[in-house]
Amino acid sequence: MNEPLKKEFLGAFDAFSDSLYKHAAFRVSDRERASDLVQDTFMKAWDYIGEGKEIKQWKAFLYHILNNLIIDSYRKKKEASLDALLEDAPAYTENLLRTGGRDETEAILDTELLIKEVRSHITKLPESYRTAITLRYVDGFSPKEIAQVLRVSENVASVRVHRGLTQLRKLCRKSGLS
Amino acid sequence: MKNDLETLLTKMSTTETLGEERRVRMRSVLEEYTAMRPVRAQAERRTFSALLVGFLAGVLRRPAIVMALAFIVLVASTSTLAYASEGALPGDSLYAVKIGVLEPLRGALTRTPSAQAQWQMTLATKRVDEAATLASRGTLSSTTQAQLSSDVSQNLKNAHDLFAKDSAHSEDESDADASMSARLSAYAMVFAQINTDHPSPEVASFHDALTAHATALTQSTLTLEAKTTAPLTEGTSTTTADTTERARRAAQQSLAAIKDQLSQGQDQLTASSSIAAYAKLNDATDLVREGDRFYATGDSSAATDAFKNALTAATKLNVLIRAATLLKVDTLSADATTSPLLNITTQEPALKHGTPPATQTPSDLPTIPAVSESVSTKSTTTISNAPNPSSQAHPSSPKKNPSETDTPVVPPKLPVSVSPASIPPTLHVSL
């Protein structure tokens with residue numbers, strides 16, 4: 001009786017673990033924490049199945065659990081500096097220099113710096129907007145999928161993305177980004 | 001900026017991956033976890049009651065669904081109440097609900113002045129029907145009679161005022177007035193019959209009121225029709241094909257409804273009433289045929305008149321059958337030859353064509369419905385030359401149809417003879 005469910009469960013892990021990790025890493029800016037959060041997410045999903053309940057939409061369900069765990073983790077631990085994440089990746093820059101020309105590498109690094117700054121502004125957004133923006137642009141979710149994850153209406157999801165984007169744009173302008 | 005920011009945001013996730021090593025490790029941990037915590041054996045065998053409880057718990061957590069359910073319950077209970085109070089009469093406990101809640105609610109759903117006017121006429125008919133029901137039971141008190149009479153007057157006045165607001169639909173008003181006039185005339189006959197059987201000042205008074213209203217509505221129909229046709233030059237067809245078609249359809253639908261009504265109420269009709277009703281139905285059907293013949297010759301105005309007459313006859317017949325079956329007030333057989341209360345012998349040709357009683361109005365009275373008049377002149381000529389309608393009409397009609405039996409069409413049971421002395425003087429008024 002366990003086997004079909006186990007197979008389904010592991011299939012969901014294979015399908016969504018990477019994207020869940022990306023989402024978590026973006027939100028908590030800590031690889032280990034992100035990894036732990038993803039693992040906890042799948043454990044909770046299995047607990048849910050163990051109670052005899054059925055999961056119909058794995059993707060939305062898993063993201064929903066992960067989102068709750070991330071919010072919990074925010075409460076437990078003050079968020080680490082976002083800078084630490086990119087500064088912790090010297091190998092990444094070295095790799096860029098090895099594979100591309102100098103100009104190309106500089107352009108990529110400029111973009112990375114820009115991204116770094118935008119990310120720092122994202123952390124200043126209210127939690128609901130931050131989650132919506134992340135799901136929309138980092139995870140590439142449609143408003144309908146965001147609505148399923150956050151368990152709100154599609155309209156509310158769209159409004160959160162739109163307002164989050166507007167606030168982010170204001171923050172970027174204030175800091176001199178054009 | 002907008003596009004740049006969004007593009008930048010989409011690039012953010014590209015640098016972070018779980019990594020193969022971490023992924024394999026996590027997978028093995030989860031496999032062990034699944035082995036350690038097996039799924040409960042009964043998990044998949046959930047009973048129906050558990051499912052139902054789960055469903056209800058889920059439903060009740062959602063306010064929108066709870067509201068929707070509450071609305072459905074409200075509608076269902078209102079419908080039950082509406083059904084229960086539909087037949088309520090003055091004096092019944094549910095009557096207040098009927099006229100104070102349900103009717104205003106239904107009236108509020110009508111939007112255009114024309115529709116509201118039609119609704120007012122429907123209300124007037126309901127009040128008249130209530131009065132007829134009470135009168136047939138001998139329980140129409142003077143207070144109730146006065147109240148119902150006042151309500152009918154008010155409803156008809158409201159209808160007139162509402163139609164006045166919607167001048168673009170004067171044709172609707174003309175049709176509605178003609179139909180209402182026919183209905184009230186028929187009810188007046190019912191009241192006359194009740195008064196013959198059980199004389200009562202309340203019944204007589206209500207009869208008078210109905211007659212006055214029917215007369216006023218007939219006048220209104222005349223005025224409106226004159227208005228509609230006045231702008232047209234002489235010799236021009238005064239009726240459009242659309243109007244003719246509409247009148248034809250309405251007449252056919254009404255006649256079909258009468259056939260159903262007759263077949264359903266057959267058991268409750270006396271033999272003579274049944275014969276008389278079928279004879280009237282045949283007459284009305286003949287009027288439609290007559291209209292078709294006029295229309296084929298290009299006289300759409302005469303055709304429309306014929307169709308409208310058929311409709312008027314059907315409207316009247318509907319009331320008379322209803323009175324005979326539900327109220328046990330038989331005016332059908334009586335109406336075939338005489339108007340019982342008025343003690344006026346009716347003219348055979350007019351009845352043969354199913355024309356409304358107004359055609360039987362003595363010439364000294366000014367209120368002669370235009371519709372009936374026009375048809376009686378046109379169709380009398382034509383039909384008098386034609387074979388007897390009862391011998392040719394409806395070859396495929398059910399056997400009950402008197403035209404296919406040896407039973408005489410004129411019912412043997414003649415109306416109760418009433419001596420003029422026993423009739424209140426106010427009732428010596430033509431319908």
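**Burial, cores and a pocket in a predicted two-chain model**

Trainee: What percentage of the 178 residues of chain A count as buried?

Mentor: The model is a predicted one. A residue is called buried when its relative accessible area is under 20%. For chain A, with its 178 residues, the share that meets this cut-off is 44%.

Trainee: How many helices and how many strands does chain A have?

Mentor: Read along the sequence, chain A follows the pattern α-α-α-α-α-α-α-α-α. The pattern agrees with the count for chain A, which is nine helices and zero strands.

Trainee: Among contacts in chain A between residues at least 6 apart in sequence, what percentage join residues at least 24 apart?

Mentor: A contact here means heavy atoms within 4.5 Å. The contacts considered in chain A are those between residues at least 6 apart in sequence. Of these, the share joining residues at least 24 apart is 70%.

Trainee: Which helix of chain B gives the most residues to the largest nonpolar core?

Mentor: The largest nonpolar core has 61 residues, and among those that touch the most other members are Val128(B), Leu184(B) and Phe191(B). The elements that give two or more residues to this core include helix 6, helix 7 (142–165) and helix 12 of chain B. With 12 residues, the element that gives the most is helix 12 of chain B.

Trainee: Is His213(B) buried or exposed?

Mentor: His213(B) lies in helix 9 of chain B. Leaving aside residues up to four places away in sequence, His213(B) touches Val152(B), Ser153(B), Leu156(B) and Leu184(B). The relative accessible area of His213(B) is 17%, and the cut-off for burial is under 20%. Because its value is 17%, His213(B) is buried.

Trainee: Which helix of chain B supplies the largest share of the lining of the second largest pocket?

Mentor: The second largest pocket has a volume of about 560 Å³. Of the 20 residues that line this pocket, the closest to its centre include Asp175(B), Ala176(B) and Ser179(B). Helix 6 (113–137), helix 8 (170–197), helix 10 (241–264) and helix 12 (300–326) of chain B each supply at least two lining residues. The largest share, six residues, comes from helix 8 of chain B.

Trainee: How many charged residues are in the lining of the second largest pocket?

Mentor: Asp, Glu, Lys and Arg count as charged. In the lining of the second largest pocket, seven residues are nonpolar and eight are polar. The number of charged residues in this lining is five.

How values were computed:
Residues are numbered from 1 along each chain as its sequence is written. Chains are lettered from A and ligands numbered from 1 in the order in which they are written. This is a predicted model: local features need pLDDT of at least 70, side-chain atom pairs count only at pLDDT 80 or more; totals for chains, interfaces and linings use all residues. Side-chain values use heavy atoms; hydrogens and water are left out. On a 1 Å grid over the protein atoms alone, a cavity is a set of points where a 1.4 Å probe fits but cannot get out, and a pocket is an open set with protein on both sides within 12 Å along at least five of seven lines; lining residues have an atom within 4 Å of a point. Grid points are joined across faces, edges and corners, and a volume is the space filled by probe spheres set on the points. Helices (H or I, at least four residues) and strands (E, at least two) are DSSP runs, numbered from the N terminus. A nonpolar core is a set of buried Ala, Val, Leu, Ile, Met, Phe, Trp, Tyr and Cys residues joined through side-chain atoms within 4.5 Å. Buried means under 20% relative accessible area, exposed over 50%, partly exposed in between (1.4 Å probe, protein chains only).
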